[in-house]
Amino acid sequence: MTRLLGIDFSGAQDAGRKIWVAEARRSDGPLAIELCRPASDLPGGSREPDIAIAALARHIMAEQDTIVGCDFPFSLPLDLVQAKDWRSFALGFRQRFVDPLSFHDLCHRETGGIETKRRTDREDRTPFNSFNLRLYRQTWWGIGHLLAPLVKADAATIWPQMDKQAGKPVVVEVCAACSLIRLDCYPSYKGRMPVHRKARRQILDLLIARGYLAPPKRALRALLLDNQGGDALDAVIGAIAVNRSDFNRPRDRVDRLEGRVFYDLG
């Protein structure tokens with residue numbers, strides 16, 4: 001796989017403006033980001049989530065030799081999956097959860113109000129569980145509108161839940177927050193104040209100093225620093241995680257149902 005995509009995802013009403021895609025080619029050294037843009041700027045893209053995510057799916061499928069890191073939960077805790085395998089879970093997701101709010105409410109009802117976590121959430125220190133108030137819309141849109149259509153069309157492999165197939169893009173879950181915690185560099189960097197921009201610069205400079213990221217050109221550097229939500233920078237972090245992660249690790253039943261976060265920049 002030579003084409004890399006790092007995707008910072010969103011389930012907001014203007015998701016096309018908040019979903020960012022960083023693109024690069026796989027490298028044994030510092031990763032050179034070729035392009036970073038919102039989903040609204042993709043061919044056929046829009047600010048509306050359903051249109052933007054459909055455009056994102058087409059972009060993923062554009063080249064077979066692609067590996068994609070998406071920053072949203074790909075599954076639920078084991079006892080909430082309620083399917084024989086993850087593929088069945090994904091394909092039945094929108095029938096079981098008809099909208100984001102019902103997804104949030106039904107999960108809380110089934111757990112007695114406890115926000116249970118997947119094994120990877122506990123081990124890898126993700127900030128929130130799959131149906132947390134701050135994340136449930138991303139999970140619902142991501143599984144139901146991005147992953148499930150890719151699976152239904154047999155157009156991509158979701159790993160480690162599914163077996164890899166030659167000639168198809170591979171999509172994995174990443175987490176920018178987990179990567180930054182691993183780097184011991186997790187300042188408050190999302191916001192419009194000068195202190196937030198300074199924090200984005202701190203993160204960017206650390207990624208370059210550690211040899212993970214090639215120094216971006218002036219225009220790209222300015223974009224990564226000026227994007228107030230930190231979405232562009234998160235997409236780049238996702239691309240780096242994809243470039244440096246091991247996708248040949250052994251899998252067990254929990255991995256195949258709950259998935260696994262890939263975040264290690266080591």
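## Salt bridges, cores and a buried loop residue

Arg-119 is buried, at 18% relative accessible area. That figure comes from a predicted model, as does everything else described here. The side chain of Arg-119 pairs up with that of Asp-252 in a salt bridge, with N and O 2.8 Å apart. Arg-119 belongs to helix 7 (residues 119–124), while Asp-252 sits in the loop between helix 12 (231–244) and helix 13 (253–258), so this bridge ties together parts that are 133 residues apart in sequence. Unlike its buried partner, Asp-252 is partly exposed, with a relative accessible area of 32%. The pair doesn't stand alone, either: salt bridges with shared partners link Arg-119, Glu-123, Asp-124, Asp-252, Asp-255 and Arg-260 into one network.

In total, the structure has 21 salt bridges. Another of them joins Arg-47 to Asp-14, where the closest N and O atoms are 4.0 Å apart. Here both residues come from loops, Arg-47 from the one between strand 3 (33–38) and helix 2 and Asp-14 from the one between strand 1 and helix 1 (15–18), so parts 33 residues apart in sequence get tied together. Asp-14 is the buried end of this pair, at 15% relative accessible area, whereas Arg-47 is partly exposed at 47%. Then there is the bridge between the side chains of Asp-205 and Arg-221, at 3.0 Å from N to O. This one runs from helix 10 (residues 194–209), which holds Asp-205, to helix 11 (residues 218–226), which holds Arg-221, so it connects parts 16 residues apart in sequence. Both ends are partly exposed, with Asp-205 at 33% relative accessibility and Arg-221 at 25%.

On the nonpolar side, the largest core counts 43 residues, and the members touching the most others are Ile-7, Phe-9, Leu-56, Ile-60, Phe-103, Leu-146 and Val-171. Two or more residues each come from strand 1 (3–8), helix 2 (49–61), strand 4 (66–71), helix 3, helix 4 (86–91), helix 6 and helix 8. Helix 8 is the top contributor, giving 8 residues. A second core, separate from that one, has 38 residues, among them Ile-33, Leu-224, Leu-225 and Val-242. Back in the largest core, Val-171 is one of the well-connected members. Leaving out residues up to four places away in sequence, Val-171 touches Ile-60, Val-68, Cys-70, Phe-74, Leu-147, Leu-150, Ala-156, Thr-157, Ile-158 and Trp-159.

Helix 6 (residues 100–110) has Pro-100, Ser-102, Phe-103, His-104, Cys-107 and His-108 as its buried residues. These pack against helix 3 (78–81), helix 5 (93–96) and helix 8 (136–152). At the start of the helix, a side-chain oxygen of Asp-99 comes within 3.3 Å of the backbone nitrogen of Leu-101. Just past the other end, Gly-112 adopts a positive phi of about 65 degrees.

Finally, Gln-161 is found in the loop between strand 5 (157–158) and strand 6 (170–174). Despite being a loop residue, Gln-161 is buried because its relative accessible area, 8%, falls under 20%. Apart from neighbours within four places in sequence, Gln-161 contacts Phe-74, Trp-86, Arg-251, Asp-255, Arg-256 and Gly-259. Two of those names have come up already: Phe-74 also touches Val-171, and Asp-255 is part of the salt-bridge network around Arg-119. As for Ile-53, 108 residues away along the chain, its C-alpha atom is separated from that of Gln-161 by 21 Å.

Methods:
Residues numbered from 1 in each chain as written. Predicted model: local features only at pLDDT ≥ 70, side-chain atom pairs only at ≥ 80, totals over all residues. Heavy atoms only, no water. Buried < 20%, exposed > 50% of the residue type's maximum accessible area, 1.4 Å probe, protein only. Helix = DSSP H or I, 4+ residues; strand = E, 2+ residues; numbered from the N terminus. Contact = heavy atoms within 4.5 Å. Polar contact = N/O pair within 3.5 Å; in protein donor to acceptor, adjacent residues only side chain to side chain. Core = buried A, V, L, I, M, F, W, Y, C linked by side-chain atoms within 4.5 Å.
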